[in-house]
Amino acid sequence: EIQKGILNLVNAPSNFKSPDQLAQWALQWETDSRMTCTILEKEELQKLGMDALLAVNRGSEVPAKCIVMEYKPAEYTKTIALVGKGVTFDTGGLSIKSRKNMHYMKSDMGGAGAVMGAVVMAAQMGLPVRVISVIPTTDNSVDALSIKPGDVIKSYSGKTIEIIDTDAEGRLILADGIAYAIKHYNPDHIIDVATLTGNVIQALGTQAAGLFSNADELADTIRKAGEETGEKVWRLPVWEAYAEDMRSDLADIRNLGDKPYAGSITAAKFLQFFTEDHPSWAHLDIAGMAFGPNPLSKGYSATAFGIHLLYETIRSLSA
């Protein structure tokens with residue numbers, strides 16, 4: 001039932017998949033006494049200062065939300081935070097995408113789907129670990145109010161971001177989600193999941209998700225979980241040398257590197273910048289895995305990639 005619900009969400013056209021509808025899917029699981037769900041509405045986001053999420057939302061007619069799902073068993077020793085990219089449709093903003101494949105961008109909330117499904121599965125199976133899923137969600141549309149290349153925006157962490165490309169929006173909303181999860185829940189491990197870059201597809205195709213981490217133990221746990229579930233990952237480096245490509249003359253960081261290569265790595269370095277040096281962080285770029293050709297459907301469709309991978313990772317970490 002969980003996987004079917006996520007498949008339906010990812011496959012749904014964007015006009016049937018607003019942030020509000022994602023929130024409604026999350027709220028239905030509150031009937032389970034082990035689950036709570038908090039919806040941060042736009043007004044609350046403004047008070048909190050989740051300005052990177054709100055910046056992406058400026059071009060949308062639908063208000064942004066941040067969905068926080070929490071499973072908290074009676075007894076636990078570890079807290080794991082999951083953060084999922086919830087872009088319900090991505091036009092690219094003013095840095096607009098080509099029309100050829102833009103209709104597939106309804107799948108750009110595949111990371112959100114994965115972390116939503118994983119926390120529900122952890123609750124249903126009664127794992128002895130606290131799990132929080134944070135889902136910043138909006139669409140990325142074009143409007144007179146949209147952010148522009150060259151703008152400098154604030155973020156929840158207090159760090160400033162120079163916008164080089166408005167199509168690098170997923171990392172903006174994840175930056176706020178990661179900072180929020182760390183500040184409010186102080187997790188032992190934090191994993192973010194996103195259909196983030198086309199570069200990871202060029203590197204790995206549709207055989208594995210890109211794995212980036214500053215913690216060998218966490219990375220190895222995720223890799224082994226992928227072997228168990230068949231949702232494979234391949235680790236790529238996040239050496240500090242790559243951070244040079246993200247340095248800005250105007251802000252604390254820029255949202256896109258200036259080199260025509262290593263785009264999935266520099267995107268990961270951008271996200272790491274907002275982890276506040278958390279010692280156990282991992283990023284999964286599932287752009288090549290969440291949505292694609294399927295022999296059982298007429299065309300491209302969702303795979304629900306990440307739900308079982310994350311569940312098995314959580315189960316292993318809770319042992």
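**Exercise 1. The largest cavity**

Helices α1 (2-11) and α5 each supply at least two residues of the lining of the largest cavity. The structure is a predicted model. Find which helix gives the largest share of this lining, and describe the lining by class.

*Solution.*
Step 1. List the lining: I6, V10, G110, G113, A114, A290, A302, A304 and F305.
Step 2. Assign the residues to helices. The largest share, three residues, comes from α5.
Step 3. Sort by class. There are seven nonpolar residues, two polar ones and no charged ones.
Step 4. Add the volume. The largest cavity holds about 50 Å³ of space.

**Exercise 2. The second largest cavity**

State how many cavities of 30 Å³ or more are counted, then describe the second largest cavity by its lining and its classes.

*Solution.*
Step 1. The count comes to two cavities of 30 Å³ or more.
Step 2. About 40 Å³ of space lies in the second largest cavity.
Step 3. Its lining consists of A55, V56, G59, G93, L94, N140, S141, S146, I147 and T166.
Step 4. By class, four of the lining residues are nonpolar, six are polar and none is charged.

**Exercise 3. Two pockets**

Describe the largest pocket and the second largest pocket by volume, lining and class.

*Solution.*
Step 1. The largest pocket has a volume of about 1000 Å³. It is lined by 37 residues, and K97, M105, T197, G198 and I201 are the closest to its centre.
Step 2. Look at which elements contribute. At least two lining residues of the largest pocket come from each of α6 (170-185), α7 (199-204), α9 (263-272) and β13.
Step 3. Sort this lining by class: 13 residues are nonpolar, 15 are polar and nine are charged.
Step 4. Turn to the second largest pocket, with about 260 Å³ of space. Of its 15 lining residues, E240, A243, K269, Q272 and F273 lie nearest the centre.
Step 5. The classes in the lining of the second largest pocket are four nonpolar, four polar and seven charged.

**Exercise 4. Surroundings of T197**

T197 is among the residues closest to the centre of the largest pocket. Is T197 buried or exposed, and which polar partners does its side chain have?

*Solution.*
Step 1. Locate T197: this residue is in the loop between β8 (189-194) and α7.
Step 2. Use the relative accessible area. The value for T197 is 6%, so T197 is buried; the cut-off for buried is under 20%.
Step 3. Find the side-chain partner. The side chain of T197 makes a polar contact with the side chain of D285, at 2.6 Å.
Step 4. Find the backbone partner. A polar atom of the T197 side chain lies 3.3 Å from the backbone nitrogen of V200.

**Exercise 5. An aromatic pair**

How many aromatic pairs are counted, and why is the pair of Y104 and F291 called tilted?

*Solution.*
Step 1. The count comes to nine aromatic pairs.
Step 2. The ring centres of Y104 and F291 are 5.9 Å apart and the planes stand at 55°, so the pair is tilted. Planes under 30 degrees apart would count as stacked, and those over 60 as edge-to-face.
Step 3. Place the two residues. Y104 lies in the loop between β4 (86-90) and α5 (110-124), while F291 is in strand β13 (residues 291-293), so the pair ties together parts that are 187 residues apart in sequence.
Step 4. Check accessibility. Y104, at 24%, is partly exposed, and F291, at 11%, is buried.
Step 5. Extend the picture: ring pairs link Y104, F291 and Y300 into a cluster.

**Exercise 6. A charge over rings**

Over which rings does the charged end of K159 sit?

*Solution.*
Step 1. One ring is that of F273, with its centre 4.2 Å from the charged end of K159.
Step 2. Another ring is that of F274, where the distance to the centre is 5.8 Å.

**Exercise 7. Two prolines**

Place P295 and P13, and give the accessibility of each.

*Solution.*
Step 1. P295 is in the loop between β13 and β14 (300-302). Its relative accessibility is 82%, so P295 counts as exposed.
Step 2. P295 and H184 are 111 residues apart along the chain, and 43 Å separates their C-alpha atoms.
Step 3. P13 is in the loop between α1 and α2 (19-27). At 40% relative accessibility, P13 counts as partly exposed.
Step 4. P13 and H103 are 90 residues apart in sequence, and their C-alpha atoms are 8.7 Å apart in space.

Terms used: Residues are numbered from 1 along each chain as its sequence is written. This is a predicted model: local features need pLDDT of at least 70, side-chain atom pairs count only at pLDDT 80 or more; totals for chains, interfaces and linings use all residues. Side-chain values use heavy atoms; hydrogens and water are left out. Rings of Phe, Tyr and Trp (its six-membered ring) pair if their centres lie within 6.5 Å; planes under 30 degrees apart count as stacked, over 60 as edge-to-face and the rest as tilted. Helices (H or I, at least four residues) and strands (E, at least two) are DSSP runs, numbered from the N terminus. Buried means under 20% relative accessible area, exposed over 50%, partly exposed in between (1.4 Å probe, protein chains only). A charge sits over a ring if NZ of Lys or CZ of Arg is within 6 Å of the ring centre and within 35 degrees of the ring normal. On a 1 Å grid over the protein atoms alone, a cavity is a set of points where a 1.4 Å probe fits but cannot get out, and a pocket is an open set with protein on both sides within 12 Å along at least five of seven lines; lining residues have an atom within 4 Å of a point. Grid points are joined across faces, edges and corners, and a volume is the space filled by probe spheres set on the points. Ala, Val, Leu, Ile, Met, Phe, Trp, Tyr, Cys and Pro count as nonpolar, Asp, Glu, Lys and Arg as charged, and the others, Gly among them, as polar. A polar contact is a pair of N or O atoms within 3.5 Å; within protein, one must be able to donate a hydrogen and the other to accept it, and residues adjacent in sequence count only if both atoms are side-chain atoms.
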